[in-house]
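Please open the model in your viewer and keep the sequence panel beside it, since this tour moves from the whole chain to single residues.

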Amino acid sequence: MAKIQTFKVVPYLPEKLKPLFKIANNMWWVWNFEAIELFRRLDVELWREVEHNPLKLLGSLSQKTLDETAESESFLAHMDRVEKELDWHMTRKSWYDENKVNFDNAGIAYFSAEFGIHESLPMYSGGLGVLAGDHIKSASELGIPLYGVGLLYRLGYFRQYLNLDGWQQEKFPEIDFHNIPASPVRDDSGKPMIISVSMPGREVYAQIWKINIGKVTLFLLDTNIEMNSLDDRILTDQLYGGDNEMRIKQEILLGIGGLRALRAMQVDITVYHMNEGHPAFLAIERTVNLIEEKKTPFHVAFEYVMSSNVFTTHTPVPAGNDRFEPEMIDKYLSNYYSRLGISRDRFLSLGRENPENKKEPFCMTVLAIKMSSGCNGVSKLHGKVSRNMWKNLWPTLPVHEIPIGHITNGIQTLSWTSDEMMRLFNRYMGPRWIDNPADTTIWQNIDDIPDSELWRSRERLRERLVSFARKRLKEQLLARGVSPKEAEKANSVLDPDALTIGFGRRFATYKRATLLLRSIEKLVSLLHDKDRPLQIIFAGKAHPMDNMGKELIRQIIHITNDERFKDKIVFLEDYDINIARYLVQGVDIWLNNPIRPKEASGTSGMKVVPNGGLNISVLDGWWVEAYNSENGWAIGKGEEYTDLAYQDEVESLFLYNIIEQEVKPAFYTRGVDGIPREWVKKMKESMKTICSEFNTNRMVKDYTEKYYKPAHRNHLKFSTEDFKYSKDISEWKSRVMQKWGDIEIINLAFEHKGEITVGTKVSVSAEVRLGGLKPEDVLVELYFGALDSTGNIIEGVALPMNLRESMDGTHIYEGRILCLRSGQFGFTARIIPHNSNLVRKFDPDLKIYWMQEIH
């Protein structure tokens, strides 16, 4: 093949319009309404055609249009306002500036396999990526010194289209790299910066790109360069594409390559945040670096690395966690065994729940948990689910004490709020909601918005959604091969005045997309009520390998082809951020009916709230925390079933009854002015109780206070004095593990006589032998709580016992139990390894000793 010389053509802008380049090349514009409107006014139709990509827009405009625009005083004034707002965002005093005591000079690296910033940068598949994108946006708003690290996918995630039978098909158009705001990172000589990672028998090279997202820089790795073989060039082609071997190669590139990229650029990082288990190999690479550069042994390096890693799990089911067979780990990572100075079995144990099981696969989530000082789920319920899922890592610890916390997800409010609602909020709440969406007091001013204005805005948003859906449906039908005459019927589907339900998400079977369609008879009744009509808009993709998910989509398409439902039910193909935005801004009801507790958090339902939409949801994920009976509707009361067919039957009936008996009356009961007062009351209650809590500004603040700051302090402490604290704690752990078998609780004395009444303080003493350990090496605790019917303590409370005296190798500890309520209670005692330098109270490597009998 002939060698091709390449060159890049860039738009030519008149001098007066040069600030447009500056604005377009910082993706801050994606959550700034004025900036979006600035690009829209250049050419509304072209803006839609280029999928809201400002760089592509500028390169597609005629020179005549650009020259005329350069002479428009109105446009230039608008552009000047937006440029000044961008400059203000980049330089203003931030929340971080006001809260960086003992946190200055921090640097957080946020690793994620996907980032959903905007539809013009399609490197996301769903909720995980969109959450990562919102995390970055809020980090910029708060001024957090955070850097994103990911992969630059040439083909992104697949584009969806359906055949005439409704079966999902996939296509993988290449992303136009030269019209996205990504620029190559260059070395001192001006050449593109390249890093490499080792693969079997070769090195794989990756170029580093960067994208500016407000104050945050997102670094992305790309293997599609001439230095690589054709097989390696496709490594960064598809998000979640290929088999398990492709997955491990991508995760090596993300974790190990991402870390090498940061080091090559000399970015000073103190905290590493792994968003899901995909990048967990970074912990291995960090450990190797310390061993080879500082000549520290593995166990010392491990303590330092673990202390400054943070891990977030998003997966509530075991099958969602990446696992690799030991032979695959050998193939790709065996060179690390000797570099770490540990055996193969020890390496594999880092990714195993049971290190003694030689056949257990290597799990990326287990690796991330073991090598992080802070671990969390993404909602309160998901934290509980995660503690139960990973309890085998702490086999002697009560499940509720497993050290996996939670930070409930949120949304970046500005990215999802319609311009219609923004104007209304600005008018009645002032601009403070923009800068501080987590301030509860601001959202109480929702009550100041007249019901009539709020309702008119809601109606206009629904009208806009219906218009969009009709246009998209017509395009879909023509692409499917439907006749133009038949496709024209799309212009009359849906009613802009009818109660509209939206369902948009990944078509995994546990999300039960077709639950509302379970009874055709009831569905006909609900949709064709002449005085209280209902309509439904579906959107979502099934994973290319998920035929059961594809079948759900096919079932919906078959129903939409039924004459009874053609005008009432619509499926919008190729679900992306743009379609999601129209849906969450336009629907009256957002439906969420997963099988509890399989929804880790969910954020789509949060996005309807600032737009005046209401939620009907199973009490799963975030809705458990948000629902208060006045701000939406709950399907069931949090039940969990073993018979899934029975569950579908019960919960579908529950859903039909809610819609018929509560939702419709509230929506269609109007006053003389045409306003549904009860509905608007629920809208306001939803906004007041949800918007301030379920946003990523609050979420990122929580990450900062709960995880980033402690991990940063650990970094400072454990890296000082030639890693003295790391050495001390590793040596202490080794000594404790050697001598732990010698400890014993000889006796537990209950020092109370007579009847125990509420309010009584009961004294307990424990006689303990510590073998070769000292009292300062342990905590002795009472474990106290109510008993279940089998005599076991239910989610007990640990109470500290104080050392009273020591003699002849025996130690007497005493403690008190305060009895606050009546009932049957029990207590026991336990001994926990303790050192003030431990960053986790319960270390997976250290055992807990329990008194064998409960008194």
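What follows is a walk through a predicted model, beginning with the overall view and then stopping at a few loops.

**The whole chain**

Begin with the entire chain in cartoon view, where 32 helices and 28 strands can be found. If you orient the view along the principal axes, the C-alpha atoms fill a box of roughly 95 × 70 × 50 Å. The radius of gyration of the chain is 29 Å, which agrees with the value near 29 Å that a compact globule of 855 residues would have.

Now switch on the surface, whose accessible area comes to about 35,100 Å², with 49% of that area belonging to carbon and sulfur atoms. Of the 855 residues in the chain, 58% are buried. If you display contacts between residues with a separation of 6 or more, 72% of them link residues that lie 24 or more positions apart. Colouring by charge is a further option: the chain carries 108 positive and 117 negative charges, and the mean positions of these two sets are 1 Å apart.

**First stop: N628 and S629**

Select N628, which sits in the loop between α28 (623–626) and β20 (632–635). Which residues does N628 touch, once its neighbours within four places in sequence are left aside? The answer is E685 and T689, so add both residues to the selection and show their side chains. N628 and E685 are 57 residues apart along the chain, while their C-alpha atoms are separated by 9.4 Å. Their side chains are joined by a polar contact of 2.9 Å. Closer along the sequence, the side chain of N628 also reaches the backbone nitrogen of E630, at 2.8 Å.

Is N628 buried or exposed, or does it fall in between? With a relative accessibility of 32%, N628 counts as partly exposed, because that class lies between the 20% and 50% cut-offs.

Move on to S629, which is placed in the loop between α28 and β20. S629 has a phi near 80 degrees, a positive value in a residue other than glycine. With a relative accessible area of 38%, S629 is partly exposed.

**Second stop: S418**

Next select S418, in the loop between α18 (413–416) and α19 (419–429). The relative accessibility of S418 is 1%, and S418 therefore counts as buried. To see what surrounds this residue, show L461, R464, Q585 and N611, with which S418 is in contact when its neighbours within four places in sequence are set aside.

**Third stop: P597**

Select R596 together with P597 and look at the backbone between them, where the peptide bond is cis, with omega near 5 degrees. P597 belongs to the loop between β18 (589–592) and α27 (604–608), and you can display those two elements to see where the loop begins and ends.

**Last stop: N105**

Finally, go to N105, which is in the loop between α7 (95–98) and β1 (108–111). What is the sign of phi at N105? Phi is positive, at about 65 degrees, although N105 is not a glycine. With the surface shown again, you can look for this residue there, since N105 is exposed, with a relative accessible area of 64%.

Notes: Residues are numbered from 1 along each chain as its sequence is written. Side-chain values use heavy atoms; hydrogens and water are left out. Helices (H or I, at least four residues) and strands (E, at least two) are DSSP runs, numbered from the N terminus. The radius of gyration is taken over C-alpha atoms; the globule rule is 2.2 Å times the number of residues to the power 0.38. Buried means under 20% relative accessible area, exposed over 50%, partly exposed in between (1.4 Å probe, protein chains only). Contact means heavy atoms within 4.5 Å. Accessible areas come from the Shrake-Rupley method with a 1.4 Å probe; for residues, only the protein chains shown count as cover. Lys and Arg count as positive and Asp and Glu as negative; His and the chain ends are not counted. The place of a charge is taken as NZ of Lys, CZ of Arg, CG of Asp or CD of Glu. A polar contact is a pair of N or O atoms within 3.5 Å; within protein, one must be able to donate a hydrogen and the other to accept it, and residues adjacent in sequence count only if both atoms are side-chain atoms.
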